[in-house]
Amino acid sequence: SAEEGRSPFAGNVYLSNTNRNLQIGSSCTFSYVNPDMKSAYTPSIDHFFESAATNWPEMGVAALLTGMG
């Protein structure tokens with residue numbers, strides 16, 4: 001799971017373990033924040049990808065599997 005304070009590593013799968021928004025912080029570690037009212041869905045994948053694009057130092061590839069149809 002995506003544990004708070006843990007750094008993600010290539011080749012691993014991480015799952016959010018709360019209903020809060022998962023993000024990549026400036027120290028390139030996972031953290032959780034309370035959702036804002038802008039998103040219709042919580043947790044928000046938009047929030048996660050925006051934080052990763054802002055804070056991750058290298059190019060990357062991600063896959064999103066939602067199960068939402």
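## A loop serine to start with

Let's begin with Ser 44, which sits in the loop between strand S2 (30-33) and H1. The model shown here is a predicted one. Is Ser 44 buried or exposed? With a relative accessibility of 9%, Ser 44 counts as buried, because the cut-off for that class is under 20%.

Two polar contacts are worth picking out around this residue. The side chain of Ser 44 reaches the backbone nitrogen of His 47, with a distance of 3.1 Å. The backbone nitrogen of Ser 44, in turn, lies 2.8 Å from a polar atom of the Asn 21 side chain. Leaving aside residues up to four places away in sequence, Ser 44 touches Asn 21 and Ser 39.

## Its partner in strand S1

Asn 21 belongs to strand S1, which covers residues 21-24. Its relative accessibility is 4%, so Asn 21 counts as buried.

Which residues does Asn 21 touch, not counting those up to four places away in sequence? Among them are Ser 31, Tyr 32 and Val 33, and these three can be viewed alongside strand S2 (30-33). The list also includes Asn 34, Pro 35 and Asp 36, as well as Thr 42, Pro 43, Ser 44 and His 47. His 47 therefore appears twice in this account: it is touched by Asn 21, and its backbone nitrogen is reached by the side chain of Ser 44.

## The chain as a whole

Stepping back, the chain has one helix and two strands, and along the sequence they follow the pattern β-β-α. The radius of gyration is 12 Å, close to the 11 Å that the globule rule gives for 69 residues, so the chain is as compact as a globular protein of that length. Taken along the principal axes, the C-alpha atoms fill a box of roughly 30 × 25 × 20 Å.

How much of the chain is buried? Of its 69 residues, 23% count as buried; Ser 44 and Asn 21 are counted as buried too. For contacts between residues at least 6 apart in sequence, 37% join residues at least 24 apart.

## The outer face

The accessible surface of the chain comes to about 5,300 Å², and carbon and sulfur atoms account for 55% of this. On that surface, Ile 45, Phe 49 and Leu 64 form a nonpolar patch, together offering about 240 Å² of accessible area.

Leu 64 is found in the segment after helix H1 (45-55). Its relative accessible area is 46%, which means that Leu 64 is partly exposed.

Note on methods
Residues numbered from 1 in each chain as written. Predicted model: local features only at pLDDT ≥ 70, side-chain atom pairs only at ≥ 80, totals over all residues. Heavy atoms only, no water. Helix = DSSP H or I, 4+ residues; strand = E, 2+ residues; numbered from the N terminus. Buried < 20%, exposed > 50% of the residue type's maximum accessible area, 1.4 Å probe, protein only. Polar contact = N/O pair within 3.5 Å; in protein donor to acceptor, adjacent residues only side chain to side chain. Contact = heavy atoms within 4.5 Å. Rg over C-alpha atoms; globule rule 2.2 N^0.38 Å. Areas by Shrake-Rupley, 256 points an atom, 1.4 Å probe, with all protein chains shown as cover. Patch = residues over 30% accessible without salt bridge, like charges linked within 9 Å, V, L, I, M, F, W, Y side chains within 5 Å. Salt bridge = Lys/Arg side-chain N within 4 Å of Asp/Glu carboxyl O.
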